[in-house]
Amino acid sequence: SGKQTLKIFDGNDAVKRNQFRLISVPRIAKNEEVVEAALRAYYINDDQQEYELQTFTQQVLLSEDVINRNDAAEDSNLGSVFRESVPEAWIIRAKPKDEEVIRIYPAWLKVGMAYVSLRVNKGGTVQTVIKDVLPLLGRQMECFQNFKLVEVLMGSRQVQRMVLDNQELILNRLKDIRKTSIRQMNQTRFYIVENSKSIVQVNLFVGGLPPQLSPEEYSNILKEELAIKTNVVSVSHVYQAQGAVVLQISCFSEAERIYMLVKDTFVNDKPLNAVVIPAVMASKIPQNCCPLLVFVNPKSGGLKGRDLLYSFRKLLNPHQVFELTNGGPLPGFHTFSKVPSFRVLVCGGDGTVGWVLGALEEIRHKLVCSEPSVAILPLGTGNDLGRVLRWGAGYSGEDPYSILVSVDEADDVLMDRWTILLDAEEPAEGAENGIAEPEPPKIVQMNNYCGLGIDAELSLDFHHAREEEPGKFNSRFHNKGVYVKVGLQKISHTRNLHKDIKLQVDQHEVELPSIEGLIFINIPSWGSGADLWGSESDNRFEKPRIDDGLLEVVGVTGVVHMGQVQGGFRSGIRIAQGSYFRVTLLKPIPVQVDGEPWIQAPGQIIISAAGPKVHMLKKSKQKQKKTGS
């Protein structure tokens with residue numbers, strides 16, 4: 001073969017962990033060509049002339065005795081890096097420099113200025129850097145001893161801060177960082193910070209507690225389960241409806257103890273969860289600034305959710321990106337509760353979007369920005385709401401930066417949300433001691449659609465199949481295949497849903513045709529993009545919109561009809577349009593709301609508008625204008 005595959009390490013840390021990336025280069029490649037390929041493998045855009053390759057044998061993984069082959073006599077020319085004995089692996093090294101231009105970030109010292117550039121030489125210390133930077137920030141009259149230089153590593157998993165010693169040589173520090181990891185250097189920033197008395201304060205969100213308790217009851221539970229020390233721990237916020245509290249802790253060791261203990265604590269057989277909440281200085285955010293709060297469901301879209309989580313934490317401040325599997329949306333909204341203006345990006349399926357919108361509705365009254373606009377990065381199977389708002393049928397690997405640009409340029413639109421009250425009049429099966437009591441009323445929120453009958457039955461079968469083998473449901477293609485399979489099994493079944501339910505729209509009885517499924521739709525996309533209502537004009541009804549305060553009611557005659565709708569050959573049977581609905585169930589019937597199915601006992605279902613309309617972000621049709629910014 002004319003190609004050679006090499007292991008590339010980006011520094012000593014990668015060597016110790018044996019974490020490398022593979023590159024494939026021609027056997028006749030020159031040194032600089034291999035260096036360029038190695039940098040490209042780690043997404044490093046620096047000038048390849050500033051780097052060189054060092055080679056080592058397998059024993060180096062233990063001894064770290066790295067030999068620089070670039071300085072050897074046999075490699076003094078610009079010939080191929082390969083000789084008779086091709087090395088097994090290479091390390092990227094930065095060439096030593098006598099001087100360098102570094103960026104110093106002023107943070108809150110000068111809002112509106114991202115950074116200042118400063119040239120440092122071999123004798124430049126941290127102290128001289130501070131002295132040289134202050135005049136560039138208009139602080140030349142202030143004493144340099146009132147400031148410090150902080151090294152911040154903004155990794156994908158965490159943020160590390162270290163105050164540098166005043167006498168440390170800056171070029172030596174840069175050399176040490178690059179020796180550890182070339183990538184780490186690209187993720188490291190230097191901030192000049194004003195000295196201040198350090199006050200220890202850790203805000204810890206604790207969720208999973210029983211809902212609707214008083215602050216005193218929550219404190220007693222925490223004392224009993226976590227043995228909190230009341231002299232250093234206090235409850236600063238209580239979210240009764242969600243069963244969550246925020247603890248303010250003035251001791252690092254106590255905060256660490258509680259954080260670790262929460263992970264192994266159960267209350268009423270329900271596990272607790274803990275999230276460290278960053279402190280946002282909302283008063284220092286510029287007036288025209290609108291930060292982005294990002295929620296990512298790592299379980300959505302196979303492994304893509306986890307990859308996006310890391311990507312957005314690199315592109316943005318990691319503190320504004322929240323993992324929904326750890327505490328849900330509430331920690332993120334609490335963190336941004338004092339921010340005067342912000343937007344939200346939800347990365348997940350329609351169910352994840354509904355989860356976040358529901359949490360927003362519950363906490364809206366505690367937010368300074370009570371109506372943030374919400375954008376969607378669709379990671380689920382159907383992604384109907386993402387389709388309607390032009391975010392696409394599903395994420396397929398687009399550059400995360402371009403997604404952020406699209407969110408920045410998106411148009412603000414309003415969307416109706418609906419409250420569904422489910423009031424069962426007959427007792428649930430399996431009542432204890434022969435005493436039968438009806439189920440308590442249940443309230444759910446709807447964004448997309450609500451289905452009764454065959455539509456919900458297929459969703460329920462799909463849901464059961466996913467619960468039995470969750471590991472197999474990691475791609476949209478497989479999920480849709482299973483959905484088709486359960487649908488084919490129902491083709492020969494006959495039902496008479498119209499005989500088992502009664503429908504009332506805006507206080508008027510509506511006679512139902514012969515159908516097997518009844519669907520209430522809020523958006524013009526159902527079942528992965530199908531237009532269930534249809535585009536034909538009809539004098540009986542208004543043209544549907546997502547903000548018109550109306551729901552459309554459509555019937556389907558069976559699985560074959562549903563397949564024809566999804567194939568674009570037919571529409572559903574238009575039944576009604578209104579703003580208030582009452583459905584009477586005469587027998588247990590499958591019901592699904594935004595893809596979440598269950599069997600509903602006989603009783604009443606009432607659907608009505610849910611509070612104020614929600615602000616959504618619709619992707620702009622115009623070509624992106626800010627990709628170069």
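This passage describes strand S24 with its pairing partners, and then the surroundings of Arg364, in a predicted model.

Strand S24, which spans residues 501–505, has 4 of its 5 residues buried, so the strand is largely enclosed by the rest of the structure. Pairing was found with two other strands, S29 and S25. With strand S29, formed by residues 580–585, S24 pairs in the antiparallel sense over 5 bridges, and within this pairing Thr584 of S29 is the bridge partner of Lys502. With strand S25, formed by residues 508–510, the pairing of S24 is likewise antiparallel and comprises 3 bridges, and here Gln504 stands opposite Glu509 of S25. Strands S24 and S25 form a hairpin with 2 residues between the strands, and in this hairpin Asp506 adopts a positive phi near 50 degrees.

A second site was examined at Arg364, which lies in the loop that runs between helix H11, residues 350–363, and strand S19, residues 374–378. The relative accessible area of Arg364 is 11%, and because buried residues are those under 20%, Arg364 is classed as buried. The side chain of Arg364 reaches the backbone oxygen of Ser370 at a distance of 2.8 Å. When neighbours within four places in sequence are left aside, Arg364 is in contact with Ser370, Glu371 and Pro612, so that Ser370 appears both among these contacts and as the residue whose backbone oxygen is reached by the arginine side chain.

Definitions and conventions: Residues numbered from 1 in each chain as written. Predicted model: local features only at pLDDT ≥ 70, side-chain atom pairs only at ≥ 80, totals over all residues. Heavy atoms only, no water. Buried < 20%, exposed > 50% of the residue type's maximum accessible area, 1.4 Å probe, protein only. Pairing = 2+ DSSP bridges. Polar contact = N/O pair within 3.5 Å; in protein donor to acceptor, adjacent residues only side chain to side chain. Contact = heavy atoms within 4.5 Å.
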